[in-house]
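Q: Please give me a close look at one part of this model. Set the scene first, then go through that part step by step.

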Amino acid sequence: MPWLAHTSAGYSIVLALLFALAAGLVGSFALMKRMLLAGDVISHLALPGFGLAFLLKINPLLGAAATLFLGTLLIWQLQKKTGLATENVIGVVFAAALGIGAAITPSDELIEALFGKNHATSLLGFLLGGLAVGFIIAAIWRLRDQLVLTLFSPELAMATGVKVDRVNLCFLLLFSLTILVGLRFMGALLAGSLIILPAAIGRRLTTKMSHFLIASSVASAISVGAGLLLNSVVPKFGPGPSIVMVAALLFVICLFKRS
Amino acid sequence: MDRVRGKVAIVTGGAKTILSVKDLTVSLDGRSILSGLSFELHAGEMLAIIGPNGAGKTVLLKTLLHILPYQGEIHWAESARIGYVPQRVAADRQLPLSASDLLNAEARFLKLSQVDIERAASATDLTPELLNTNIGILSGGQFQKILIAAALLGRPNVILFDEPTASLDELTEERIYDLLHRIKEEQGKTVVLVSHDLSVVYRYATTVLCIGKGKPCFGPPKEVLTPEALEALYSAPPKFYQHLQDHHGV
């Protein structure tokens, strides 16, 4: 495991585990909002950004962040202005993003952009990633009561004084930020899966809200830890696919739990 | 859709007036739902809003809560603290959510204490066991009690109930209305109730507002709900009225 010996590889592992905790937490609320698949599609919005960054020879994450957040805001605005269903709007933006991304991303870089890669992480990258994860967890914690009230009944939440529109937009942006942190090692195609699978595992194992949030985050961290270990044994798998395979296996094991 | 609101002013005259509505007009998706509606509500009253399906009763409640856009004026007194029990909550029954989770979330958001939760739970006869049960496995009546507890949590002095017993069996319906009556009497709250059940309106309401076809009517049930008014409202022969005469000596 030569890459593990390197300090920057250590940063990558710690950052991946921190990302896992945030992804589990965000995924739990995404599952309850029934937007897991919609959220997965959002991760593809990063692809045109990757392509542009490769063309302009700038940091790929900067390009990904730009199109991810612009795409998220575009979905939000289109939905509000046109009155179309969320899945409709997301489907259109997703298809456009994938087409543009595939067209402009150099073919050598496309696989890396889609499925992630073993990346060394600089101290600055580690600190920024850690800061983003800390922000995501703190923001979800702060928003949790408003999210719960909105989940139960948007109308009742509004009558209680919750700004439902604002809460939904904040959640969507936190969702995109989580995807962004996971992009380097999971790729645009797989970053969303760590939001989906651990939440599905957590929901299968628990019936109480607090237990569910903890179980999803723990399942996410186990998937990332074991996935990175698997990747270090079989490097040709790549970190993203390894993590997803472990998470999917955990979910299959959970299916045997008596409900 | 742009939100068009009339001027909202604070009612200073008439200490007992808790709500004053003037020339309220609501249109949704280009369709006129309410037009030029005016009425006043006094503290401690129980106002029943009646009318046929699609008359805009639920729309009126949501407009009073400022959830929907409107034109005209809605003046709530400064002292008004409003609780709301919706007609139907399409909550996902698969949510890993208990009544306790819900009430705790609301209490934290409104900066209320555990004592407030206990008070709301006790007022609605919610046991600790029921509070910790997932909402997905509650009966219709138990679910309704949780909605009422959630509405009572912020210590409201006005509660808006939108058909609180829709889709409940007769016995549960009776219990829920007894509960509402008890809350109103014991705590002296002002109540606005949307109901299809005219016998309930006669039993509990001090004032009736009927909306639907023709001119809206407003006043005490015995004065307002004449056979002619009911026929005009529902476009049906006044058989309710005959039935009510037999049962309540109206």
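A: Chain A has 12 helices and 0 strands in this predicted model. Along the sequence, its pattern reads α-α-α-α-α-α-α-α-α-α-α-α. The chain agrees with the rule for a compact globule, because 259 residues would give a radius of gyration near 18 Å and chain A has 18 Å. Along the principal axes, its C-alpha atoms fill a box of roughly 55 × 45 × 30 Å. Of the 259 residues, 50% count as buried. Contacts reach far along the chain: among those in chain A between residues at least 6 apart, 73% join residues at least 24 apart.

Now the core. The largest nonpolar core has 149 residues. A:Val26 and B:Ala149 have the most contacts inside this core. In general, nonpolar side chains tend to be buried together in soluble globular proteins. Leaving out residues up to four places away in sequence, A:Val26 touches A:Ile136, A:Ile140, A:Leu174, A:Phe175, A:Thr178 and A:Ile195.

Helix H6 of chain A spans residues 107-115, and its buried residues are A:Glu112, A:Ala113, A:Leu114 and A:Phe115. These buried residues pack against three helices of chain A: H3 (46-56), H9 (164-190) and H12 (239-255).

Next, the contact between the chains. Chain A puts in 20 residues and chain B 17 residues. On the side of chain B that touches chain A, helix H2 (residues 99-109) gives the most, with 6 residues. That side of chain B divides into 13 nonpolar, 1 polar and 3 charged residues.

The close look goes to the strands of chain B. One open sheet has 6 strands, in the order S5-S6-S7-S3-S8-S9, with mixed pairing. S5 (82-85) and S9 (217-219) of chain B stand at the edges; each has a single partner strand, so one side of each is left without a neighbour in the sheet. Neighbouring strands here are turned by 15° against each other on average, direction ignored. S5(B) runs parallel to S6 (residues 158-162) of chain B, joined by 4 bridges. Within that pairing, B:Val85 has B:Phe161 in S6(B) as its bridge partner.

Just before S6 comes a loop. B:Arg155 sits in this loop, between helix H5 (140-152) and S6 of chain B. It has 14 other C-beta atoms within 10 Å, so B:Arg155 is partly exposed; burial would need 20 or more, and exposure 12 or fewer. Not counting residues up to four places away in sequence, B:Arg155 touches B:Arg81 and B:Asp116. B:Asp116 is 39 residues away along the chain, yet its C-alpha atom is separated from that of B:Arg155 by 8.0 Å.

Other strands of chain B pair in the antiparallel sense. S1 (residues 17-28) and S2 (residues 31-42) of chain B do so over 8 bridges. One pair is B:Leu24 with B:Leu37 in S2(B). S1(B) and S2(B) form a hairpin with 2 residues between them. In the turn, B:Asp29 has a positive phi of about 50°. S1(B) also runs antiparallel to S4 (residues 71-76) of chain B, with 5 bridges joining them. There, B:Lys22 stands opposite B:Glu73 in S4(B). As a general point, strands of a sheet pair through backbone hydrogen bonds, either parallel or antiparallel. Chain B has examples of both: S5(B) with S6(B) is parallel, and S1(B) with S2(B) is antiparallel.

Conventions: Residues numbered from 1 in each chain as written. Chains lettered and ligands numbered in written order. Predicted model: local features only at pLDDT ≥ 70, side-chain atom pairs only at ≥ 80, totals over all residues. Rg over C-alpha atoms; globule rule 2.2 N^0.38 Å. Contact = placed C-beta atoms within 7 Å. Core = buried A, V, L, I, M, F, W, Y, C linked by C-beta atoms within 7 Å. Nonpolar A, V, L, I, M, F, W, Y, C, P; charged D, E, K, R; others polar. Pairing = 2+ DSSP bridges. Axes fitted to C-alpha atoms, helices over the stretch in contact; angles between N-to-C directions.
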